[in-house]
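Q: Please take a close look at the sheet in this model. How are the strands ordered and paired, and what lies across them?

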Amino acid sequence: MVVPPPVRPERVTKFLKPYILRMHFTNKFVNAQVVHTPTATVAAAASTQEKALRLAMGKDKESTRDVAAAAKIGMILAQRLLLRDIPAVTVFLKKDQKYHGKVKAVVDSLTNAGVKLI
């Protein structure tokens, strides 16, 4: 049985940013997803754990955890967002995330692909 996510009341949702970019970096992989906050669902996601991307990177002997991999994830996520007609996102950084390295690579590749930041 699947329980649907709770729907927030209108007075709360009009003050929220509708789409938020969240990033997670592990020692092996890079993950990024865009969450639609009013419905609490994932609008689009990209990860270096995806089988097709991992196999392609394995053939070229590329790492799945460095800055170049983060830039590829940003480009893939941007393409998926534009296919779903989501033109803008808000970046959500955790306390320990600074705007450099992998975070900067993901965000810069998103903006270069045509997704605007709010």
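A: Start with one facing pair. Val 34 stands opposite Ala 44 in S3. Keep in mind that this is a predicted model.

That pair belongs to the join between two neighbours. Strand S2 covers residues 30–36, and six bridges link S2 to S3. The two strands run antiparallel. Val 35 has a bridge partner in S3 as well, namely Val 42. S2 and S3 form a hairpin, with four residues between the strands. Look at Ala 40 in this hairpin. Ala 40 takes a positive phi near 60 degrees.

Now go to the other neighbour of S2. Seven bridges join S1 to S2. This pair is antiparallel too. S1 and S2 also make a hairpin, and four residues lie between them. Val 35 turns up again here. In S2, Val 35 is the bridge partner of Ile 20.

Follow Ile 20 to the next strand. Ile 20 stands opposite Thr 90 in S4. S1 and S4 pair in the parallel sense, over three bridges.

Put the strands together. The sheet is open and has five strands, in the order S3-S2-S1-S4-S5. The pairing is mixed. Strand S3 (41–47) and strand S5 (116–117) stand at the edges. Each has a single partner strand, so one side of each is left without a neighbour in the sheet.

A rule helps when you trace a strand by eye. In a regular strand the side chains alternate between the two faces of the sheet.

Next, see what lies across the strands. Helix H3 lies across strand S1 (19–25), S2, S3 and strand S4 (88–92). H3 runs at about 140 degrees to S3.

H3 also meets another helix. Two packed helices are described by the angle between their axes and the distance between the axes. The axes of H3 (residues 67–83) and H4 (residues 102–112) come within 7 Å. They cross at roughly 35 degrees. The crossing is right-handed. Residues of H3 in the contact include Ala 70, Gly 74, Met 75 and Leu 81. From H4, the contact residues include Lys 102, Val 106 and Leu 110. By class, the contact has ten nonpolar, two polar and one charged residues.

Finish with the rings. The charged end of Arg 22 sits over the ring of Phe 92, 4.4 Å from its centre. What about aromatic pairs? A search of the whole structure finds zero.

Key:
Residues numbered from 1 in each chain as written. Predicted model: local features only at pLDDT ≥ 70, side-chain atom pairs only at ≥ 80, totals over all residues. Heavy atoms only, no water. Phe/Tyr/Trp six-rings, centres within 6.5 Å; stacked < 30°, edge-to-face > 60°. Lys NZ or Arg CZ within 6 Å of the ring centre and 35° of its normal. Axes fitted to C-alpha atoms, helices over the stretch in contact; angles between N-to-C directions. Left-handed = near helix turned anticlockwise from the far one by under 90°. Contact = heavy atoms within 4.5 Å. Nonpolar A, V, L, I, M, F, W, Y, C, P; charged D, E, K, R; others polar. Pairing = 2+ DSSP bridges.
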